[in-house]
Amino acid sequence: MPLDLFAGIYVRDYEAAKPWYERLLGCEPTFVATDTEAVWELAEHRWLYIKEDAEHAGHAEHAIMIDNLDARTAEIAERGIDPVKWESYGEARKAVYRDPDGNEVAFGVIPG
């Protein structure tokens, strides 16, 4: 059975949040769904979106697993965003980022 994943993040102010996510993800949205919702395709059938909803903003927590964490965090740093913390779980590691609303988006790697 095919599987598509849409992971959503509520933000207080769409116009303020969108540029931060463009810097974090390294590109403009794949498409803009509405005047207050933007969607990025992270990989085939795997999407991350932001949507304006001030009442629910700041409570998201997502981990995106990738192959090369060091390269990704270096690219993000070049765009002016640094992790707020690093976490390790044995050989697995992740870099945690927080948007201006406090939503957590982490990039991690599981060696294997």
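**Exercise 1. Contacts of Asp82**

Task: find which residues Asp82 is in contact with, leaving aside its neighbours within four places in sequence.

Solution.
- Apply the cut-off: contact means heavy atoms within 4.5 Å.
- With neighbours within four places in sequence left aside, Asp82 is in contact with Ala77 and Tyr97.
- Keep the source in mind: this is a predicted model, where local features need pLDDT of at least 70, side-chain atom pairs count only at pLDDT 80 or more, and totals for chains, interfaces and linings use all residues. Residues are numbered from 1 along each chain as its sequence is written, and side-chain values use heavy atoms, with hydrogens and water left out.
- Place the residue: Asp82 sits in the loop between helix 2 (69-78) and strand 6 (85-89). Helices (H or I, at least four residues) and strands (E, at least two) are DSSP runs, numbered from the N terminus.
- Check accessibility: the relative accessible area of Asp82 is 52%, so this residue is exposed. The classes are buried (under 20% relative accessible area), exposed (over 50%) and partly exposed (in between), with a 1.4 Å probe and protein chains only.
- Add a distance: 20 Å separates the C-alpha atoms of Asp82 and Ile110, which are 28 residues apart along the chain.

**Exercise 2. Val96**

Task: decide whether Val96 is buried or exposed, and list its contacts beyond four places in sequence.

Solution.
- Val96 belongs to strand 7.
- Its relative accessible area is 0%, so Val96 is buried.
- Leaving aside neighbours within four places, Val96 is in contact with Pro83, Val84, Lys85, Glu87, Glu104, Val105 and Ala106.
- From C-alpha to C-alpha, Val96 and Thr73 are 9.9 Å apart, with their positions 23 residues apart in sequence.

**Exercise 3. Aromatic pairs**

Task: classify the pair Phe6 and Trp47, then the pair Tyr97 and Phe107.

Solution.
- A pair of aromatic rings is described by the distance of the centres and the angle of the planes.
- Rings of Phe, Tyr and Trp (its six-membered ring) pair if their centres lie within 6.5 Å; planes under 30 degrees apart count as stacked, over 60 as edge-to-face and the rest as tilted.
- The structure holds five aromatic pairs.
- Phe6 and Trp47 are 5.4 Å centre to centre, with 5° between the planes: stacked.
- Phe6 lies in strand 1 (residues 5-11) and Trp47 in strand 4 (residues 46-52), so this pair ties together parts 41 residues apart in sequence.
- Phe6 is partly exposed at 44% relative accessibility. Trp47 is buried at 15%.
- For Tyr97 and Phe107, the centres are 6.1 Å apart and the planes stand at 80°, so the pair is edge-to-face.
- Tyr97 is in strand 7 (residues 92-98) and Phe107 in strand 8 (residues 104-109), so the parts tied together are ten residues apart in sequence.
- Tyr97 is buried at 0%, and Phe107 is buried at 2%.
- Ring pairs also link Phe6, Phe31 and Trp47 into a cluster.

**Exercise 4. The whole chain**

Task: state the order of the elements and explain why the chain counts as compact as a globular protein of its length.

Solution.
- The chain has two helices and eight strands.
- From the N terminus, the order is β-α-β-β-β-β-α-β-β-β.
- The radius of gyration is 14 Å, close to the 13 Å from the globule rule for 112 residues, so the chain is as compact as a globular protein of that length. The radius is taken over C-alpha atoms, and the rule is 2.2 Å times the number of residues to the power 0.38.
- The C-alpha trace spans about 40 × 35 × 25 Å along its principal axes.
- Buried residues make up 38% of the 112 residues.
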